[in-house]
Amino acid sequence: YWLVLYSRLKSFQRGTSKNTQFFRKDLWKFPLHNYNYCVIFGVEEMMTRLEDKFEKELAKGSKVIACRFPLPNKQPIKVLTDSGVDSVWIYEF
């Protein structure tokens, strides 16, 4: 709950709130078809299943920014860092 509020506040402060949405939902039930960009702070155990969801639901050309853990079978188009809690991988589907 607090992370969603914090994200909304930061988005507002940076002037991006009209272009961003933050949700607190069941990820496995939430449809991703309408989104071109997704940012995920996942845990290692969920990344394979999450990668399958992205493959099935995201439109061609959609971008995924994965923080902390990479998608296991997808090659990133860019790696910002790949060690520690600040690790970030960018993928195109």
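Where is the place of Gly-61? Gly-61 sits in the loop between helix 2 and strand 2. Keep in mind that this is a predicted model. My notes follow.

1. The sheet as a whole. Four strands make up an open sheet, ordered 1-2-4-3, and the pairing is mixed. At the edges you'll find strand 1 and strand 3 (78-81), each pairing on one side only. Going from one strand to the next, the twist averages 15°. As general background, strands of a sheet pair through backbone hydrogen bonds, in either a parallel or an antiparallel way.

2. Strand 1 against strand 2. Strand 1 (residues 37-41) pairs with strand 2 (residues 63-67) in the parallel sense, over five bridges. If you want to check the register by eye, Tyr-37 stands opposite Lys-63 in strand 2, and Phe-41 stands opposite Cys-67 in strand 2. Between these two strands the chain passes through helix 2 (residues 47-57), and this β-α-β crossover is right-handed.

3. The two faces of strand 1. In a regular strand the side chains alternate between the two faces of the sheet. Strand 1 shows this alternation: Cys-38 and Ile-40 point to one face and are buried. Tyr-37, Val-39 and Phe-41 point to the other face and are not buried.

4. Strand 2 against strand 4. On its way to strand 4 (residues 88-92), the pairing switches sense: strand 2 and strand 4 run antiparallel, joined by five bridges. Three pairs are handy to look at here. Lys-63 stands opposite Glu-92 in strand 4, Ile-65 has Ile-90 in strand 4 as its bridge partner, and Ala-66 stands opposite Trp-89 in strand 4. Note that Lys-63 turns up twice in these notes, with Tyr-37 and with Glu-92.

5. How covered is strand 4, mostly or not? Mostly: four of the five residues of strand 4 are buried.

6. Strand 3 against strand 4. These two run antiparallel as well, and three bridges join them. Thr-81 has Val-88 in strand 4 as its bridge partner. Strand 3 and strand 4 form a hairpin with six residues between them, and Gly-84 in the turn has a positive phi of about 85°.

7. A backbone angle to look at. Which residue other than glycine has a positive phi near 80°? That is Arg-68, placed in the loop between strand 2 and strand 3. Arg-68 has a relative accessible area of 44%, so it counts as partly exposed.

8. The loop between helix 2 and strand 2. Besides Gly-61, this loop also holds Ala-59. Gly-61 is partly exposed because its relative accessible area is 28%. Ala-59 has 35% relative accessibility and therefore counts as partly exposed too. For a couple of C-alpha distances to check in your viewer: Gly-61 and Lys-78, 17 residues apart along the chain, are separated by 14 Å. Ala-59 and Gly-84, 25 residues apart along the chain, are separated by 30 Å.

9. The largest pocket. About 1,400 Å³ of space lies in it. The idea behind such a search is that rolling a probe the size of a water molecule over the atoms shows where empty space is left. The largest pocket has a lining of 29 residues, and Gln-21, Phe-22, Phe-23, Val-39 and Ile-40 lie nearest its centre. Helix 1 (2-13) and strand 1 each supply at least two residues of that lining. By class, the lining comes to 18 nonpolar, seven polar and four charged residues.

10. Where the sheet and the pocket meet. Which two strand 1 residues should you click on here? Val-39 and Ile-40 are among the residues nearest the centre of the largest pocket. In the alternation of strand 1, Ile-40 is on the face with Cys-38 and is buried, while Val-39 points to the other face and is not.

Terms used. Residues are numbered from 1 along each chain as its sequence is written. This is a predicted model: local features need pLDDT of at least 70, side-chain atom pairs count only at pLDDT 80 or more; totals for chains, interfaces and linings use all residues. Side-chain values use heavy atoms; hydrogens and water are left out. Buried means under 20% relative accessible area, exposed over 50%, partly exposed in between (1.4 Å probe, protein chains only). Two strands pair if DSSP finds at least two bridges between them. A crossover is right-handed if, with the strands pointing away from the viewer, the path from the first strand over the helix to the second runs clockwise. On a 1 Å grid over the protein atoms alone, a cavity is a set of points where a 1.4 Å probe fits but cannot get out, and a pocket is an open set with protein on both sides within 12 Å along at least five of seven lines; lining residues have an atom within 4 Å of a point. Grid points are joined across faces, edges and corners, and a volume is the space filled by probe spheres set on the points. Ala, Val, Leu, Ile, Met, Phe, Trp, Tyr, Cys and Pro count as nonpolar, Asp, Glu, Lys and Arg as charged, and the others, Gly among them, as polar. Axes are lines fitted to C-alpha atoms, for helices over the stretch in contact, and angles run from 0 to 180 degrees between N-to-C directions.
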